[in-house]
Every structure is written in C-alpha cells, then in structure tokens.
Amino acid sequence: MLFLCFVAVWVAFFVGVIVGSAWKPRWATLGHDGKFNISSPIKGFGGNPSYGTCAMEDGVEKEQASVPVAKDTNCSSSQPKEKEHLAVTEEDLEHLCHLVDRKDGGPPWKHMMDRSAPGMSYQAWQRDAETGPPQYCSKTVYENATPELLRDFFWDDEFRLKWDDMLIHSTTIEECPTTGTMIVNWIRKFPFFCSDREYIIGRRIWDSGRSYYCVTKGVPCPSIPRRDKPRRVDLFYSSWCIQAVESSKGDGQLTACEVILFHHEDMGIPREIAKFGIRQGMWGAVKNIERGLRLYQKERASGAPLSGSAVLAQINTKINPDYMKSLEISEEDSPETELQGSSPEKPGGLNIPKLIVFGGAVVLACTLDRGLLTKAVIFGVARRFGNIGRRL
C-alpha cells in the first residue's frame with residue numbers, strides 16, 4: 001500500500017511536469033525590457049553573505065581571469081565629482097546604514113529561521129517589497145574570527161573559486177587604488193534546467209572603527225557587451241556590516257564576529273516558489289560558507305600570500321564620526337522597521353492535486369530566462385520533494 005501511494009504521488013508530480021511544459025503564459029517568453037546597535041551584538045536581525053553557494057560535482061573548471069585592469073587614479077573620495085568616477089558612492093553607504101538601523105522605511109521583516117552549529121549561529125528574516133523580488137536579511141555569528149578576516153574572505157574572488165561551486169569565472173574590470181572600489185565580472189554555473197548567469201558587480205568597503213560596511217550591487221558596464229548566454233543579471237544587491245562581538249563562551253572577550261547581510265536579486269521565477277526554495281536550501285548554503293571560511297582561516301594562518309582582491313579589501317574609506325552622527329540625527333523622525341516574530345510551521349497532509357500544480361510551476365519557473373534562479377531555490381525544491389517521498 002505504501003509503495004502504491006508513493007507511485008501515485010510521483011505520477012501526479014510528473015503529470016504536473018508535463019502540464020507545466022505544455023502550458024505557459026505569454027509573459028513567460030518575454031525578455032527583460034528596536035534599532036540595530038552596531039557597537040554591541042545585534043538582537044533580532046540576522047546576516048551572512050551565504051546565498052548562492054551550492055555543492056556541484058560537474059567537474060566545471062573554474063578560472064580567475066588575468067586581464068588588464070583599468071585603474072582610476074582620480075577616484076579619491078575627496079574628489080567633488082565622486083559619483084562620476086565610482087560605481088559605489090556614499091549614497092550606497094547611507095542606504096546600508098539605514099537598513100542596519102531599521103530606518104529604511106520598508107515593510108516589516110518576518111522571522112524565518114534560527115539555527116546553530118559548532119562555531120556558528122544563524123538567524124534570517126524575509127520581507128516582500130511592493131515591487132521587485134523578496135528581500136532577505138540575516139545575522140551570522142562566527143566564533144574565533146576577526147572582522148578583518150571576514151572582510152577579506154568575502155572579497156577574495158580567487159579563494160572563492162575554491163569553495164563556491166557555482167562561481168566558474170571571475171574578472172576584475174576596474175579598481176581604484178585610493179578607495180578600494182572595484183568592478184568585477186562573475187559568471188556563475190547553475191544546475192540542470194538553468195543556463196549560466198553573468199554579473200557585473202560594483203563593490204566598496206567603509207571602515208568605522210573596525211566595523212566594516214561592505215556594499216556590492218549590480219552596475220552597468222558598457223565596455224562589456226551583453227550576450228545571449230550567459231544571461232546578465234541586472235538587479236542584484238548584497239551588502240553587509242561586519243563587527244566583532246562577544247563570544248558565546250561568556251568570557252567577555254570579543255573573539256567572535258557578526259555579519260549582518262541584506263540581499264535580494266532578480267531570480268526570474270514566481271515569488272512564492274522562490275521563497276519556498278530559499279527557505280529549504282538556505283541553511284545548507286550557510287554551512288557551506290562557514291566551511292569555506294575555516295579553510296580560508298587555515299590558509300591565512302599558513303602565511304599564504306594575499307590575492308589581488310584581498311589586497312583591495314584592505315583599502316577602505318574611513319568613515320568620519322561626524323558623518324555617522326549626522327545619519328543618526330536624520331533618522332530620529334523616521335519610524336523603525338518592524339521585526340515580526342516567527343510562527344511555528346504546521347505540518348500539512350499530502351495533497352496530490354497540489355503536487356500536480358507545483359510540478360507544472362517548477363517547470364514554468366525553470367523556463368523563465370529573465371534573471372537569476374539561485375541554487376537555494378533549485379536544490380531547496382528538490383530537497384523538499386525528497387522529504388515528501390521519504391515520509392510516504
């Protein structure tokens with residue numbers, strides 16, 4: 001009887017796959033035309049730049065391209081026309097500060113995850129903006145790590161190729177030796193249904209007394225023409241704040257490090273499917289980041305030379321304390337963004353018709369070639385259905 005039930009479930013799912021392959025709306029074929037106190041452990045929000053990593057065993061060769069780098073020698077932050085020279089400006093810093101302080105005027109954040117593992121704890125929140133993809137915030141605390149180590153780790157594209165199984169190509173397009181601002185070109189590999197994706201990312205780091213504000217976002221780059229494949233992802237935002245915090249050992253020592261991440265990007269798939277997949281795949285992605293960090297920690301301890309991108313990570317723009325005070329004053333009249341508590345998930349019964357609908361939705365989602373379908377979505381969906389099969 002259990003075997004027959006199992007067969008019935010998967011037959012229903014594959015019917016949905018067939019239906020989803022045969023039907024899709026016209027738009028599916030169209031192309032693109034309260035406060036966070038950063039001086040102490042943050043209570044409530046969560047973060048770690050851990051989205052977009054996946055364990056792939058396809059033997060794809062990764063490369064760090066060695067191409068001539070355009071250096072803007074006039075890109076000092078003291079220049080009056082900074083915005084004309086730099087891909088990431090003080091307006092981006094201000095926006096990240098408002099996010100950290102929960103003064104950005106956005107909708108409430110809904111708690112979605114609270115996990116821990118030896119040497120690490122993790123919390124995550126999600127919210128839906130009026131337009132655009134779902135937005136995520138997370139807080140990760142790493143034991144026995146420094147802000148400088150994490151700053152360099154997330155910036156080090158050469159080392160990222162060793163642990164981020166989706167990154168197959170990385171090129172530095174431009175760099176500013178004065179501010180450390182970079183423009184990089186990434187190509188990421190996606191499993192089965194999805195084609196590769198290309199990113200043009202501008203990034204820059206600000207230093208406020210060993211609290212590091214790291215901004216990365218999609219930027220235009222006329223010097224690199226668009227191609228049919230890989231498809232370029234335009235809407236991308238992933239920025240974080242790094243600071244030392246007290247260890248969970250309770251010894252009063254600031255030997256742990258906290259990373260608060262804000263992330264969203266265009267996945268090109270229906271919102272609810274994206275949210276479902278990310279929820280299922282997020283924790284695995286976070287653990288993969290932590291494994292990469294510990295490998296990086298060992299390599300740095302061995303005295304290995306710094307990569308070019310890690311050297312740029314150490315060129316930061318110092319934040320004037322008066323600037324931070326001016327931000328606090330400007331935020332005084334702004335309402336705080338609400339943090340909503342989590343509600344326990346209720347296990348529901350198996351619904352065969354829902355499998356049919358969802359099977360078709362998965363195929364439809366994978367046929368959309370309008371943005372980034374992240375690994376968390378793909379493997380999260382697969383994992384979820386695997387769990388359903390095991391429960392039968």
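A residue is called buried here when its relative accessible area is under 20%, exposed when that area is over 50%, and partly exposed in between, using a 1.4 Å probe and counting protein chains only. What is on screen is a predicted model, in which local features need pLDDT of at least 70 and side-chain atom pairs count only at pLDDT 80 or more, while totals for chains, interfaces and linings use all residues. Residues are numbered from 1 along each chain as its sequence is written, and side-chain values use heavy atoms, with hydrogens and water left out.

**The whole chain**

Begin with everything selected: the protein chain has 10 helices and 14 strands, where helices (H or I, at least four residues) and strands (E, at least two) are DSSP runs numbered from the N terminus. Of its 392 residues, 53% count as buried. The accessible surface, from the Shrake-Rupley method with a 1.4 Å probe, comes to about 18,900 Å², and 55% of this belongs to carbon and sulfur atoms.

**Strand β5 and its neighbours**

Select residues 135–143 next, which make up strand β5; nine of the nine are buried, so the strand is largely enclosed by the rest of the structure. Both faces are covered, with Gln135, Cys137, Lys139, Val141 and Glu143 on one side and Tyr136, Ser138, Thr140 and Tyr142 on the other. Now add strand β4 (residues 120–127), which runs antiparallel to β5 and is joined to it by eight bridges; two strands are taken to pair if DSSP finds at least two bridges between them. Trp125 has Cys137 of β5 as its bridge partner. Strand β12 (residues 256–265) is also antiparallel to β5 and joined to it by eight bridges, and in this pairing Val141 stands opposite Glu258.

**Two nonpolar cores**

A nonpolar core is a set of buried Ala, Val, Leu, Ile, Met, Phe, Trp, Tyr and Cys residues joined through side-chain atoms within 4.5 Å. To see the largest one, which has 45 residues, select Tyr142, Leu150, Phe153, Phe154, Trp240, Ile242 and Met282, the residues with the most contacts inside it. Helix α6 (residues 271–301) supplies the largest share of this core, seven residues. A second, separate core of 20 residues includes Leu99, Trp125, Ile260 and Ile319.

Leu99 leads on to helix α3 (residues 90–100), where the buried residues include Asp92, Leu93, Leu96, Cys97 and His98. After α3 comes Arg102, whose phi is positive, near 55 degrees.

**Salt bridges**

Finally, show the charged side chains: the whole structure holds 17 salt bridges, each being a side-chain nitrogen of Lys or Arg within 4 Å of a carboxyl oxygen of Asp or Glu. Select Arg210 and Glu148, whose closest N and O atoms are 2.7 Å apart. This pair links distant parts of the chain, since Arg210 lies in the loop between β8 (197–208) and β9 (211–218) and Glu148 in helix α4 (residues 147–155), 62 residues apart. Arg210 counts as partly exposed, at 43% relative accessibility.

Asp152 and Arg151 form a salt bridge at 2.9 Å, N to O, and both are buried. Move then to Glu299 and Lys162, a salt bridge with closest N and O atoms 3.2 Å apart; Glu299 belongs to helix α6 and Lys162 to helix α5 (residues 157–163), 137 residues apart. Glu299 is partly exposed, with a relative accessible area of 26%, whereas Lys162 is exposed at 56%. As a last selection, take Asp128, Glu272 and Lys275, which are joined into one network by salt bridges that share partners.
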